[in-house]
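This briefing is addressed to a bench biochemist who wishes to read a structure by its cross-links, its charged pair and its surface. The points below are grouped by topic.

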Amino acid sequence: WSYITLLILAIEITTVSHVIYGAFDESASLTAALHGERVSGIVSLLQSAPPGAQHEYLLPRGSCALRVRPGSITFAAKSSNVQINYSSDYTKIIDNNFIDKVKVSEDFFEVECSKRSEKPVYFKRCENEIKISLNDQILC
């Protein structure tokens with residue numbers, strides 16, 4: 001009877017493991033979308049903020065990366081067997097709603113998340129530019 005019980009248990013574990021991997025992939029997808037939209041929201045808020053305004057954003061622990069370009073933001077979250085990239089294009093919001101177009105710095109910014117702890121990223125609005133750095137002392 002013990003062999004039959006072990007065989008049934010192995011079949012059940014195999015069946016459930018497929019569902020669990022799908023849940024991990026969905027979790028990575030939601031994480032990428034959530035954090036990508038949060039960073040886009042920070043950039044949008046700094047568009048209308050006065051010069052000198054600064055915002056700190058904490059990247060989550062885990063396997064992920066944030067890439068910010070002058071026209072788009074990409075957040076990549078890695079699951080056990082897949083990498084999900086979420087991109088947000090905010091140039092249309094800027095072009096349509098603001099007369100004084102405040103752009104993200106021309107510098108390409110990329111940072112990987114830490115597996116041990118959250119990592120702060122700082123956004124600061126200078127005159128007509130938003131600068132991004134890992135250092136909280138951003139000079140305009």
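Arg-67 counts as buried, because its relative accessibility is 15% and the cut-off for burial is under 20%. This residue belongs to strand S2, and the model in which it is seen is a predicted one. The protein chain contains 2 helices and 8 strands, and 2 disulfides are counted.

**Arg-67 and the salt bridge**

- Beyond its neighbours within four places in sequence, Arg-67 is in contact with Ser-72, Ile-73, Thr-74, Ala-76, Asn-85, Phe-108, Phe-109 and Glu-110.
- One of these contacts, Glu-110, meets the side chain of Arg-67 in a salt bridge, with an N to O distance of 3.7 Å.
- The salt bridge connects distant parts of the chain, since Glu-110 is in strand S6 and Arg-67 is in strand S2, 43 residues apart.
- The two partners fall into separate accessibility classes: Glu-110 is partly exposed, with a relative accessible area of 42%, whereas Arg-67 is buried at 15%.
- A search of the whole structure finds 1 salt bridge.

**Disulfide Cys-64 to Cys-113**

- A disulfide is a covalent bond between the sulfur atoms of two cysteines.
- Cys-64 is joined to Cys-113 by a disulfide with an S to S distance of 1.8 Å.
- Cys-64 lies in strand S2 (residues 64-68) and Cys-113 in the loop between strand S6 (109-112) and strand S7 (119-125), so the bond ties together parts that are 49 residues apart in sequence.
- The torsion about this S-S bond is about -105°, and the disulfide of Cys-64 and Cys-113 is therefore left-handed.
- Cys-64 is buried at 5% relative accessibility, and Cys-113 is likewise buried, with a relative accessible area of 10%.

**Disulfide Cys-126 to Cys-140**

- The sulfur atoms of Cys-126 and Cys-140 are 2.2 Å apart and form a disulfide.
- Cys-126 sits in the loop between S7 and strand S8 (129-133), while Cys-140 is in the segment after S8; the two are 14 residues apart.
- The link of Cys-126 and Cys-140 is left-handed, with -80° about the S-S bond.
- Cys-126 is buried, with a relative accessible area of 5%, but Cys-140 is exposed, with a value of 63%.
- When the bonded cysteines are numbered in sequence order, the pairing is 1-2, 3-4.

**Overall organisation**

- Along the sequence, the secondary structure of the protein chain follows the pattern α-β-β-β-β-α-β-β-β-β.
- Of the 140 residues of the protein chain, 33% count as buried.
- Among contacts with a separation of 6 or more, 59% are between residues 24 or more positions apart.

**Surface**

- The protein chain exposes about 8800 Å², of which carbon and sulfur atoms supply 56%.
- Tyr-3, Leu-6, Leu-9 and Ile-13 make a nonpolar surface patch of about 480 Å².
- Within that patch, Leu-6 is placed in helix H1 (residues 2-48).
- Leu-6 counts as exposed because its relative accessibility is 54% and exposure begins at values over 50%.

Definitions and conventions
Residues are numbered from 1 along each chain as its sequence is written. This is a predicted model: local features need pLDDT of at least 70, side-chain atom pairs count only at pLDDT 80 or more; totals for chains, interfaces and linings use all residues. Side-chain values use heavy atoms; hydrogens and water are left out. A disulfide is a pair of cysteine sulfur atoms within 2.5 Å. Helices (H or I, at least four residues) and strands (E, at least two) are DSSP runs, numbered from the N terminus. Buried means under 20% relative accessible area, exposed over 50%, partly exposed in between (1.4 Å probe, protein chains only). Contact means heavy atoms within 4.5 Å. Accessible areas come from the Shrake-Rupley method with a 1.4 Å probe; for residues, only the protein chains shown count as cover. Patches are made of residues with over 30% relative accessible area and no salt bridge: like charges are joined within 9 Å, nonpolar side chains (Val, Leu, Ile, Met, Phe, Trp, Tyr) within 5 Å. A salt bridge is a side-chain nitrogen of Lys or Arg within 4 Å of a carboxyl oxygen of Asp or Glu.
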